[in-house]
Amino acid sequence: MNAKTVTFFLFLVINCIYAQQSVDQKVEELLSKMTLQEKIGQMNQYNGFWNFTGPTPEGGDQKIKYEHLASGLVGSMLNVRGVEEVKAVQKIAVEESRLGIPLLFGFDLIHGYKTVFPIPLAEAASWDLDAIKRSASLSAKEAAAAGINWTFAPMVDITRDARWGRVMEGAGEDPYLGSLVAAARVHGFQGEDLSSPHTIAASAKHFAAYGFAESGRDYNTVDIGLNTLHNMVLPPFKAAVDAGIKTFMNSFNDLNGIPATADAYLQREILKGEWNFEGFVVSDWGSIREMIDHGYAKDRKQAGKMALLGGSDMDMESSIYINELEALLKEGKVKLDLIDDAVKRILKVKFELGLFENPYLYCDEVLEKQITGAEEIIEATLDVAKKSIVLLKNENRILPLKKEGQKIGLIGPLAADKTSPLGNWRIAADNNTAVSVLEGLQKFKENQINYAQGVKLINKIPEGFHEEVDINTTDQTGLEEAIALAKKVDVVVMVLGEYGFQSGEGRSRTKLGLPGFQQELLEKVAEVNPNIVLVLMNGRPLIINWASENIPAIVEAWHLGTQSGNAIAQVLYGEYNPSGKLPMSFPRSIGQLPLYYNNKSTGRPGADGEDAGSVFWSHYGDEKNSPLYAFGHGLSYTQFEYTPVILSSNEMRKGSSIMASVNITNTGKVKGKEVVQLYVQDPYGSATRPIKELKGFQLIELNPGETKKVSFTINEELLKFYNAQQKWVAEEGIFYVFIGTDSTVKLKKPFELL
Ligand code: BGC
């Protein structure tokens, strides 16, 4: 027997013994066999660094990383994907290292793997938790079949600033919706049985407050108080823990002066303490090292010490733990207990994934072929894409389009683009694989469709990065052709917005209008043909005041993924009646940002948009306070009528509950779905409270003329907040209940909490 076979044999024997014990016992037993270096190795994560099925690296950094893999000094890899590659790397860890501990393979499965789902912000607009869960579950299935066993998702950062490019990765501005979406996605990724070859471990990120980056500039400082931290930022993370999430990722930002990577209050006191989270925390990419740039650690060694003390268990790509922890321990600057605790947490997840029983659990070539791009996954992307579309405006019933007898002009840089709809996080997907709007519309053969790009796209490849297209900002030569086309047709469908990488990490912007000459194109086309349906493709709220005033129909279609064009065409033709609702406010002006519906009243609230008769109230001299399109807004091809709220009682004792109900009638001519939204206001508190907070919603479907009673249970739990005494409690007194179609609902009913 050669050395490798002996190692593998030992691995099998150890596993036989492990099979009889509880996970915690197995972890303890394995830990007792590990050297200090092997322990620290588990806390080390490297990015994929060479073609693993090719020759072994001969020198430099790659060689060191390879040697670390073979000596058990790596706990996880990221960005290695595909069964062949994953298997090759797993083999090095399992067959060459002394203890043969299997690796975790992490990947940013943000909105799909090879088959791309809508961006998470779009999916949140569906308010359809089953569809969101199914999307996560099928993405996990496709990625798991390609060797991945851990996703860096869901991103659960609450965010109020559309300048921040990463709003596309989250569920928007509301902690209640954000918490339910977080839980749905965790359940989707992890499933009922983590050791199934179709489920993977999830990671809630970015812990914490990354979405509050000052001025919406990515990676920027965050300075918020405990009130906002606990009431707005933390709830979705807590929901992820309650849903049984296995890992957390911390964040690049500093929070009130402490880089999140070293924040013991967040990671040790709250997450691992109060919330009793038993999984592990991975740093963000290089965020341990970046603490030097933050001006928090004077060198790599101190950064390693701060990160460990702060609660970071695994080091993503800083190579600081692997190089500095041993010395820090010997110098007495960190304790072995903390290292042991981190390693135990990491090993536990590996056991739970079933990797010790079969390190190649996710490495089945046959399954990989069967599952990649399977019909079931494609159908699910189409389904959730349709559900994610929000009808912002529809005047004169211009939508749905007539199925025959119309000449349609399709105009815009994104109308035939098969790459932008894939959005930003699509590392494993190929360019040019989305169904374009042109292709989607062409399936409705009875109408004649003519297409003009109007504004061109240019190809660019930022250094060392994916190939991208950009919207041309210098060449106006396409405008004339588009105008000529618009003159000849009955209806113009214009597809405008952001190219796929215009939002996402590092893509903050200070201008949120339509990029390039798109606004000019829109206005010129409108001069010759007012029958315009504007389809927006974008990763964040845009500022579209002119369109909102002048264009009769506006459809928010985000970046919807692989089936984008089919979903959009089915909505435009009324085969699918849209029911999406905005998970983020759409501003009127960049100067309003940050903008969110659940704001505080201030000492000088006023009647927005009306002359308050004085200057000295909280407002702008040149713009309304309100958004252009509010949180929760979204129309349907039918109309819904709400009766006033009825409460089962106007008093509620702590520990008990009351019911709030309305009747809703579909007063239009077609069947439609409606997201019925419950908001509650706590008008006085020991700390000031938002003017309104989402506390429930139900997605219902009504036939024309049909009426349904919708009821919500309101209990003490729902009314709790982080108060002035830093307690999570419901305070006695009056509350107001609103039930309506969006966050602007005015009719309310009071009750008293006793
Ligand atoms: C991002 C994370 C991501 C990580 C690994 C970082 O730049 O902030 O969200 O998971 O890279 O790709």
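Two worked exercises on this predicted model follow.

Residues are numbered from 1 along each chain as its sequence is written. Local features need pLDDT of at least 70, side-chain atom pairs count only at pLDDT 80 or more, totals for linings use all residues, and side-chain values use heavy atoms, without hydrogens and water.

**Exercise 1. Describe the surroundings of the ligand.**

Step 1. List the residues near the ligand (a heavy atom within 4 Å). They are Leu78, Asp108, Phe152, Arg166, Lys205, His206, Met249, Phe252, Asp284, Trp285, Met316 and Glu505.

Step 2. Find polar contacts (N or O atoms within 3.5 Å). Polar side-chain atoms of three residues lie close enough to a ligand oxygen: Asp108 at 2.4 Å, His206 at 2.7 Å and Glu505 at 2.9 Å.

Step 3. Check the cover. On its own the ligand has 310 Å² of accessible area (Shrake-Rupley, 1.4 Å probe), and the protein covers 92% of that area.

**Exercise 2. Classify the ring pairs Tyr176–Phe697 and Tyr210–Phe252.**

Step 1. Apply the rule: centres within 6.5 Å, and planes over 60 degrees apart for edge-to-face. Tyr176 and Phe697 have centres 6.4 Å apart and planes at 90°, giving an edge-to-face pair.

Step 2. Place the partners. Tyr176 is in helix α8 (175-190) and Phe697 in strand β24 (693-702), so the pair ties together parts 521 residues apart in sequence.

Step 3. Add burial (buried is under 20% relative accessible area, exposed over 50%, partly exposed in between; 1.4 Å probe, protein chains only). Tyr176 is partly exposed at 24%; Phe697 is buried at 13%.

Step 4. Repeat for the second pair. Tyr210 and Phe252 are edge-to-face, because their centres are 6.1 Å apart and their planes at 70°. Tyr210 is buried at 0%, and Phe252 is buried at 7%.

Terms used:
A residue is near a molecule or strand if one of its heavy atoms lies within 4 Å of it. A polar contact is a pair of N or O atoms within 3.5 Å; within protein, one must be able to donate a hydrogen and the other to accept it, and residues adjacent in sequence count only if both atoms are side-chain atoms. Rings of Phe, Tyr and Trp (its six-membered ring) pair if their centres lie within 6.5 Å; planes under 30 degrees apart count as stacked, over 60 as edge-to-face and the rest as tilted. Helices (H or I, at least four residues) and strands (E, at least two) are DSSP runs, numbered from the N terminus.
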